[in-house]
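Q: Could you take me through one strand of this model in some detail, along with whatever sits around it? I'd like to see how that part fits into the rest of the chain.

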Amino acid sequence: MSLTPRSSVVLFLVLILPLAGAGTGTAAAAAGYSSDDLHKVLENHGLPAGLFPRSVKSYNLDQNGRLEVHLDEPCLAQYETRVFFDRVVRANLSFGQLKVLEGMSRQELFLWLPVKDIIVRDPSSGLIVIDIGLAFKHLSFSRFEDSPVCRSKPGIWLKLGGRKGAGLKDQ
Ligand SMILES: *[C@@H]1O[C@H](CO)[C@@H](O)[C@H](O)[C@H]1NC(C)=O
């Protein structure tokens with residue numbers, strides 16, 4: 001029996017891919033040590049680069065899209081509203097979508113609401129959709145292109161970070 005070039009390629013893939021997947025260095029997995037690295041990861045997923053603030057210390061992305069972002073400390077950043085970032089933000093990243101599992105809340109009037117989902121459905125619309133549970137916010141993509149400075153304030157962790165981002169009153 002002789003293998004055609006085509007079937008030997010298939011055979012090669014069948015034999016090699018499971019081995020590659022079992023290793024640590026798969027294509028989708030990534031880790032980095034600055035907000036610049038994270039910018040590239042977000043852009044490669046069709047999302048605006050500045051979804052996280054500048055004080056990103058490191059991040060880790062595994063092959064299932066689990067993203068963990070580490071900041072120096074819990075802090076508040078000013079977008080079109082204030083956004084709270086916990087020291088560790090966990091999310092699932094896929095193309096055009098960041099499903100936030102914990103560590104990010106937005107101020108809406110008097111309430112701090114956990115961000116659940118950040119979605120770019122149609123890149124040509126220039127819009128980003130943020131699901132905060134009670135509502136979907138449609139915001140301009142361009143507002144999230146630059147990472148803002150994130151400022152820590154005494155007590156913000158107690159107020160916001162310690163309770164996994166349930167809807168909380170501000171004060
Ligand atoms: C996040 O991703 C993990 C691993 O792929 C999955 O098990 C989990 O259900 C996802 N969570 C959400 C809320 O989508």
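A: Helices here are DSSP runs of H or I with at least four residues, strands are E runs of at least two, and both are numbered from the N terminus. Counted that way, the chain has 3 helices and 12 strands. Keep in mind that this is a predicted model.

Let's zoom in on β4. Its side chains alternate: C75 and A77 point to one face and are buried, while L76 and Q78 point to the other and are not.

Now for the partners. β4 pairs with β5 in the antiparallel sense, over 4 bridges, and a hairpin of 3 residues links the two strands. Within that pairing, L76 has F84 of β5 as its bridge partner. β4 also runs antiparallel to β11 (residues 150-151), with 2 bridges joining them. There, L76 stands opposite R151.

Next door to that bridge partner in β5 is F85, so to speak, and its contact list is worth a look. Setting aside neighbours within four places in sequence, F85 is in contact with P53, L71, P74, C75, A77, G103, M104 and C150. Both C75 and A77, the buried residues of β4, appear among those contacts.

F85 also turns up in the largest nonpolar core, which has 31 residues; L51, V69, F85, L98, V100, M104 and I118 touch the most other members. Elements giving two or more residues to this core include β4 (75-78), β5 (82-94), β6 (97-108) and α2 (35-44). β5 gives the most, with 6 residues.

On the β11 side, have a look at V149, which lies in the loop between β10 (136-140) and β11. V149 counts as exposed because it has 11 other C-beta atoms within 10 Å, and the cut-off for exposed is 12 or fewer. Leaving out residues up to four places away in sequence, V149 touches P53, R54 and A77. So A77 of β4 is buried, with 20 or more other C-beta atoms within 10 Å, while V149, which touches A77, is exposed. V149 and R54 are 95 residues apart along the chain, yet their C-alpha atoms are separated by 5.6 Å.

Stepping back to the whole chain: among contacts between residues at least 6 apart in sequence, 48% join residues at least 24 apart. Of the 171 residues, 26% count as buried.

Note on methods: Residues numbered from 1 in each chain as written. Predicted model: local features only at pLDDT ≥ 70, side-chain atom pairs only at ≥ 80, totals over all residues. Core = buried A, V, L, I, M, F, W, Y, C linked by C-beta atoms within 7 Å. Contact = placed C-beta atoms within 7 Å. Pairing = 2+ DSSP bridges.
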